[in-house]
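Welcome! Take a moment to look over the sequence and the 3D picture, and then we can walk through them together.

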Amino acid sequence: MSTQSEINKVSTLGLKRLKESGEKIAALTAYDAAFATVLDEAGIDLILVGDSLGMVVQGCATTIPVTVEEMIYHTQLVVRGAKRAMVMADMPFMSYSSAHDCLHNAARLMKEGGAEIVKLEWGALEIPMVSRLTDCGIPVCAHLGLTPQAIHKFGAYRVQGREHDTAKRMIDDAFVLEEAGADVLLLECVPTQLAAQIRRNATVPVIGIGAGPEVDGQILVLYDILDIWPGKRTRFSKNYMAQARSIQGAIEAYVKEVKAVSFPSAEFSFE
Ligand code: KIV
(Lines give C-alpha, C1' and ligand atoms only; values in the text may rest on other atoms or scores of the structure.)
Protein backbone atom coordinates (compact mmCIF):
# COMPACT_ATOMS: atom_id res chain seq x y z
CA MET A 1 0.00 0.00 0.00
CA SER A 2 1.43 3.42 -0.90
CA THR A 3 1.82 6.03 1.81
CA GLN A 4 0.51 9.58 1.58
CA SER A 5 3.95 11.01 0.79
CA GLU A 6 4.51 8.47 -2.02
CA ILE A 7 1.28 9.64 -3.63
CA ASN A 8 2.34 13.25 -3.08
CA LYS A 9 -1.03 14.31 -1.73
CA VAL A 10 -1.76 18.00 -2.26
CA SER A 11 -1.99 19.96 1.00
CA THR A 12 -2.33 23.63 1.96
CA LEU A 13 1.47 23.72 1.69
CA GLY A 14 1.30 22.17 -1.77
CA LEU A 15 -1.22 24.81 -2.89
CA LYS A 16 1.03 27.56 -1.53
CA ARG A 17 4.03 26.08 -3.34
CA LEU A 18 2.06 26.08 -6.59
CA LYS A 19 1.28 29.78 -6.06
CA GLU A 20 4.91 30.59 -5.32
CA SER A 21 6.18 28.64 -8.33
CA GLY A 22 3.69 30.38 -10.61
CA GLU A 23 2.01 27.09 -11.60
CA LYS A 24 -1.76 27.55 -11.71
CA ILE A 25 -3.96 25.44 -9.42
CA ALA A 26 -6.53 23.38 -11.32
CA ALA A 27 -9.68 22.76 -9.27
CA LEU A 28 -13.15 21.37 -9.97
CA THR A 29 -16.17 20.34 -7.95
CA ALA A 30 -17.15 16.69 -7.52
CA TYR A 31 -19.81 14.96 -5.49
CA ASP A 32 -19.01 11.24 -5.71
CA ALA A 33 -16.16 8.71 -5.81
CA ALA A 34 -16.38 7.91 -9.53
CA PHE A 35 -15.91 11.50 -10.67
CA ALA A 36 -13.35 12.16 -7.92
CA THR A 37 -11.25 9.30 -9.33
CA VAL A 38 -11.48 10.69 -12.86
CA LEU A 39 -10.52 14.18 -11.65
CA ASP A 40 -7.65 12.82 -9.59
CA GLU A 41 -6.25 10.85 -12.51
CA ALA A 42 -6.56 13.86 -14.81
CA GLY A 43 -4.28 15.90 -12.51
CA ILE A 44 -6.79 18.10 -10.67
CA ASP A 45 -5.04 19.61 -7.62
CA LEU A 46 -8.09 20.47 -5.53
CA ILE A 47 -11.58 18.96 -5.48
CA LEU A 48 -14.39 20.98 -3.92
CA VAL A 49 -17.39 19.11 -2.60
CA GLY A 50 -19.50 22.17 -3.26
CA ASP A 51 -22.93 22.87 -1.87
CA SER A 52 -23.67 23.45 -5.56
CA LEU A 53 -24.65 19.78 -5.24
CA GLY A 54 -28.01 21.14 -4.09
CA MET A 55 -28.52 22.54 -7.58
CA VAL A 56 -26.68 20.15 -9.90
CA VAL A 57 -27.30 16.83 -8.09
CA GLN A 58 -30.49 17.42 -6.11
CA GLY A 59 -32.21 19.73 -8.60
CA CYS A 60 -32.93 22.52 -6.08
CA ALA A 61 -33.22 26.13 -7.22
CA THR A 62 -30.46 27.32 -4.84
CA THR A 63 -27.76 25.89 -2.53
CA ILE A 64 -29.74 26.89 0.56
CA PRO A 65 -31.51 23.55 1.34
CA VAL A 66 -28.24 21.55 1.52
CA THR A 67 -27.62 20.06 4.97
CA VAL A 68 -24.48 19.23 6.93
CA GLU A 69 -25.44 15.52 6.76
CA GLU A 70 -25.57 15.68 2.97
CA MET A 71 -22.22 17.47 2.82
CA ILE A 72 -20.66 14.81 5.06
CA TYR A 73 -22.08 12.01 2.91
CA HIS A 74 -20.85 13.47 -0.40
CA THR A 75 -17.46 14.36 1.12
CA GLN A 76 -17.03 10.74 2.21
CA LEU A 77 -17.68 9.60 -1.36
CA VAL A 78 -15.23 12.08 -2.89
CA VAL A 79 -12.48 11.29 -0.37
CA ARG A 80 -12.59 7.64 -1.48
CA GLY A 81 -11.70 8.66 -5.04
CA ALA A 82 -9.21 11.46 -4.36
CA LYS A 83 -5.80 9.92 -3.83
CA ARG A 84 -3.70 12.97 -4.78
CA ALA A 85 -6.05 15.94 -4.95
CA MET A 86 -6.82 17.89 -1.78
CA VAL A 87 -10.50 17.65 -0.76
CA MET A 88 -12.34 20.81 0.28
CA ALA A 89 -15.89 20.70 1.67
CA ASP A 90 -18.39 23.53 1.70
CA MET A 91 -20.00 24.48 4.99
CA PRO A 92 -23.68 24.78 4.03
CA PHE A 93 -25.99 27.72 4.64
CA MET A 94 -26.39 28.62 8.37
CA SER A 95 -24.07 25.82 9.50
CA TYR A 96 -21.51 28.42 10.74
CA SER A 97 -23.72 31.23 12.01
CA SER A 98 -22.55 30.81 15.61
CA ALA A 99 -19.07 29.96 16.87
CA HIS A 100 -20.34 26.70 18.37
CA ASP A 101 -22.08 25.56 15.18
CA CYS A 102 -19.14 26.60 13.05
CA LEU A 103 -16.58 24.57 15.00
CA HIS A 104 -18.92 21.63 15.53
CA ASN A 105 -19.90 21.37 11.86
CA ALA A 106 -16.38 21.97 10.51
CA ALA A 107 -15.13 19.23 12.83
CA ARG A 108 -17.84 16.86 11.55
CA LEU A 109 -16.91 17.58 7.92
CA MET A 110 -13.31 16.68 8.76
CA LYS A 111 -13.80 13.79 11.22
CA GLU A 112 -16.81 12.10 9.60
CA GLY A 113 -16.50 13.37 6.03
CA GLY A 114 -12.72 13.29 5.70
CA ALA A 115 -12.45 16.87 4.36
CA GLU A 116 -8.97 18.38 4.42
CA ILE A 117 -10.12 22.00 4.29
CA VAL A 118 -13.52 23.67 4.71
CA LYS A 119 -14.96 26.63 2.82
CA LEU A 120 -17.36 29.29 4.02
CA GLU A 121 -19.08 32.30 2.47
CA TRP A 122 -20.40 35.77 3.16
CA GLY A 123 -18.77 38.88 4.58
CA ALA A 124 -19.12 39.96 8.17
CA LEU A 125 -19.65 36.51 9.70
CA GLU A 126 -16.77 34.98 7.80
CA ILE A 127 -14.01 36.90 9.58
CA PRO A 128 -14.53 35.78 13.21
CA MET A 129 -15.35 32.27 12.03
CA VAL A 130 -12.15 31.98 9.97
CA SER A 131 -10.23 33.05 13.03
CA ARG A 132 -12.00 30.46 15.26
CA LEU A 133 -11.36 27.66 12.78
CA THR A 134 -7.71 28.68 12.47
CA ASP A 135 -7.33 28.65 16.27
CA CYS A 136 -8.51 25.02 16.18
CA GLY A 137 -6.09 24.04 13.41
CA ILE A 138 -8.80 23.69 10.77
CA PRO A 139 -7.68 24.82 7.29
CA VAL A 140 -10.15 27.23 5.76
CA CYS A 141 -11.01 28.77 2.42
CA ALA A 142 -12.89 32.09 2.46
CA HIS A 143 -15.29 32.59 -0.46
CA LEU A 144 -15.74 36.23 -1.56
CA GLY A 145 -17.55 38.09 -4.33
CA LEU A 146 -20.75 36.38 -5.39
CA THR A 147 -21.56 34.05 -2.50
CA PRO A 148 -24.50 31.89 -3.63
CA GLN A 149 -25.77 31.15 -0.10
CA ALA A 150 -26.72 34.86 0.06
CA ILE A 151 -28.58 34.82 -3.25
CA HIS A 152 -31.80 36.15 -1.73
CA LYS A 153 -29.82 39.03 -0.22
CA PHE A 154 -28.15 39.78 -3.58
CA GLY A 155 -31.42 39.34 -5.49
CA ALA A 156 -29.66 37.93 -8.58
CA TYR A 157 -26.49 36.12 -9.63
CA ARG A 158 -24.40 39.14 -10.70
CA VAL A 159 -20.79 40.24 -10.97
CA GLN A 160 -19.61 41.73 -7.65
CA GLY A 161 -17.15 44.56 -7.04
CA ARG A 162 -17.80 46.69 -10.11
CA GLU A 163 -18.38 49.86 -8.07
CA HIS A 164 -15.54 51.60 -6.27
CA ASP A 165 -16.93 51.03 -2.74
CA THR A 166 -17.77 47.35 -3.24
CA ALA A 167 -14.37 46.75 -4.82
CA LYS A 168 -12.63 48.44 -1.92
CA ARG A 169 -14.64 46.42 0.60
CA MET A 170 -13.65 43.19 -1.14
CA ILE A 171 -9.95 44.14 -1.12
CA ASP A 172 -10.19 44.99 2.60
CA ASP A 173 -12.13 41.81 3.40
CA ALA A 174 -9.60 39.66 1.55
CA PHE A 175 -6.78 41.22 3.55
CA VAL A 176 -8.59 40.77 6.88
CA LEU A 177 -9.56 37.19 6.07
CA GLU A 178 -5.95 36.33 5.32
CA GLU A 179 -4.89 38.00 8.57
CA ALA A 180 -7.58 35.94 10.37
CA GLY A 181 -5.91 32.79 9.06
CA ALA A 182 -7.60 31.89 5.76
CA ASP A 183 -5.41 29.42 3.86
CA VAL A 184 -7.11 30.00 0.50
CA LEU A 185 -9.28 32.79 -0.90
CA LEU A 186 -11.91 32.00 -3.52
CA LEU A 187 -13.32 34.79 -5.68
CA GLU A 188 -16.56 34.24 -7.58
CA CYS A 189 -17.83 36.55 -10.36
CA VAL A 190 -15.34 39.35 -9.85
CA PRO A 191 -13.89 41.66 -12.54
CA THR A 192 -10.46 40.54 -13.78
CA GLN A 193 -8.57 43.62 -12.58
CA LEU A 194 -10.05 43.52 -9.08
CA ALA A 195 -9.24 39.81 -8.76
CA ALA A 196 -5.70 40.51 -9.99
CA GLN A 197 -5.25 43.18 -7.33
CA ILE A 198 -6.52 40.88 -4.56
CA ARG A 199 -4.15 38.19 -5.80
CA ARG A 200 -1.18 40.57 -5.80
CA ASN A 201 -1.89 41.59 -2.18
CA ALA A 202 -2.38 38.02 -0.93
CA THR A 203 0.31 35.63 0.22
CA VAL A 204 -2.19 32.72 0.24
CA PRO A 205 -3.47 31.15 -3.01
CA VAL A 206 -6.37 32.98 -4.66
CA ILE A 207 -8.61 30.74 -6.75
CA GLY A 208 -11.15 32.21 -9.13
CA ILE A 209 -14.45 31.23 -10.70
CA GLY A 210 -15.47 33.89 -13.16
CA ALA A 211 -12.60 36.04 -11.82
CA GLY A 212 -10.35 36.15 -14.88
CA PRO A 213 -6.92 34.64 -15.56
CA GLU A 214 -4.77 36.72 -13.18
CA VAL A 215 -5.34 34.61 -10.06
CA ASP A 216 -3.46 31.58 -8.73
CA GLY A 217 -5.93 28.96 -9.89
CA GLN A 218 -9.30 28.21 -11.43
CA ILE A 219 -12.33 26.29 -10.26
CA LEU A 220 -15.53 25.42 -12.12
CA VAL A 221 -18.60 23.31 -11.44
CA LEU A 222 -17.92 19.87 -12.96
CA TYR A 223 -21.39 19.40 -14.44
CA ASP A 224 -21.09 22.75 -16.25
CA ILE A 225 -17.86 21.81 -18.05
CA LEU A 226 -19.37 18.41 -18.96
CA ASP A 227 -22.44 20.16 -20.39
CA ILE A 228 -24.76 17.98 -18.33
CA TRP A 229 -27.41 20.70 -18.27
CA PRO A 230 -27.20 22.14 -21.82
CA GLY A 231 -28.38 25.73 -21.93
CA LYS A 232 -27.93 26.22 -18.19
CA ARG A 233 -24.18 26.82 -18.11
CA THR A 234 -22.96 30.06 -16.56
CA ARG A 235 -21.27 32.67 -18.75
CA PHE A 236 -17.82 32.05 -17.18
CA SER A 237 -17.93 28.27 -17.61
CA LYS A 238 -16.69 26.46 -20.72
CA ASN A 239 -18.12 23.32 -22.29
CA TYR A 240 -15.10 20.99 -22.45
CA MET A 241 -17.19 18.15 -23.91
CA ALA A 242 -17.49 20.07 -27.18
CA GLN A 243 -13.97 19.05 -28.26
CA ALA A 244 -13.44 15.92 -26.15
CA ARG A 245 -14.06 12.25 -26.95
CA SER A 246 -14.49 11.23 -23.31
CA ILE A 247 -15.12 12.69 -19.85
CA GLN A 248 -11.49 11.94 -18.94
CA GLY A 249 -10.38 13.80 -22.07
CA ALA A 250 -12.55 16.81 -21.19
CA ILE A 251 -11.11 17.04 -17.66
CA GLU A 252 -7.56 16.65 -18.99
CA ALA A 253 -8.18 19.46 -21.49
CA TYR A 254 -9.43 21.69 -18.64
CA VAL A 255 -6.33 20.95 -16.52
CA LYS A 256 -4.07 21.63 -19.51
CA GLU A 257 -5.75 24.96 -20.31
CA VAL A 258 -5.70 26.13 -16.67
CA LYS A 259 -1.99 25.25 -16.32
CA ALA A 260 -1.20 26.96 -19.65
CA VAL A 261 -3.30 30.00 -18.64
CA SER A 262 -5.33 29.66 -21.85
CA PHE A 263 -8.47 29.34 -19.71
CA PRO A 264 -10.16 31.64 -18.87
CA SER A 265 -9.88 33.88 -21.92
CA ALA A 266 -11.74 37.22 -22.06
CA GLU A 267 -14.87 35.40 -23.28
CA PHE A 268 -15.12 33.67 -19.88
CA SER A 269 -14.09 36.66 -17.74
CA PHE A 270 -15.64 39.98 -16.65
CA GLU A 271 -14.39 43.54 -17.04
O1 KIV B 1 -20.55 25.13 -4.32
C2 KIV B 1 -19.77 25.35 -5.25
O3 KIV B 1 -19.70 24.62 -6.24
C4 KIV B 1 -18.92 26.53 -5.16
C5 KIV B 1 -18.22 26.95 -6.41
C6 KIV B 1 -19.14 27.84 -7.15
C7 KIV B 1 -16.90 27.57 -6.14
O8 KIV B 1 -18.83 27.16 -4.14
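## Cysteines and disulfides

A disulfide is a covalent bond between the sulfur atoms of two cysteines. To count one here, two cysteine sulfur atoms must lie within 2.5 Å. Keep in mind that this is a predicted model. By that rule, the count comes to 0 disulfides.

Why does C141 have no bond to C102? The closest cysteine sulfur to that of C141 is in C102, and because the two are 13 Å apart, they are too far for a bond. As for its surroundings, C141 counts as buried because its relative accessibility is 0%. C60 has a relative accessibility of 25%, so this cysteine counts as partly exposed.

## Around the ligand

Now let's turn to the ligand. The space it takes is the largest pocket. Which residues are found around the ligand? They are T29, L48, G50, D51, S52, D90, K119, H143, L186, E188, I209 and V221. Sorted by character, this shell has 4 nonpolar, 4 polar and 4 charged residues.

## Polar contacts and cover

Three side chains are worth finding in the picture: those of D51, D90 and K119. In the side chain of K119, an N or O atom is 2.8 Å from an oxygen atom of the ligand. For D90, the distance from a side-chain N or O atom to a ligand oxygen is 3.0 Å, and for D51 it is 3.1 Å. How much of the ligand does the protein bury? On its own, the ligand exposes 260 Å², and the protein buries 96% of that.

Technical notes
Residues numbered from 1 in each chain as written. Predicted model: local features only at pLDDT ≥ 70, side-chain atom pairs only at ≥ 80, totals over all residues. Heavy atoms only, no water. Near = heavy atom within 4 Å. Polar contact = N/O pair within 3.5 Å; in protein donor to acceptor, adjacent residues only side chain to side chain. Areas by Shrake-Rupley, 256 points an atom, 1.4 Å probe, with all protein chains shown as cover. 1 Å grid on protein atoms, 1.4 Å probe; cavity = no way out; pocket = protein on both sides within 12 Å on 5 of 7 lines; lining within 4 Å. Sits in = over half its atoms within 2 Å of the grid points. Nonpolar A, V, L, I, M, F, W, Y, C, P; charged D, E, K, R; others polar. Buried < 20%, exposed > 50% of the residue type's maximum accessible area, 1.4 Å probe, protein only.
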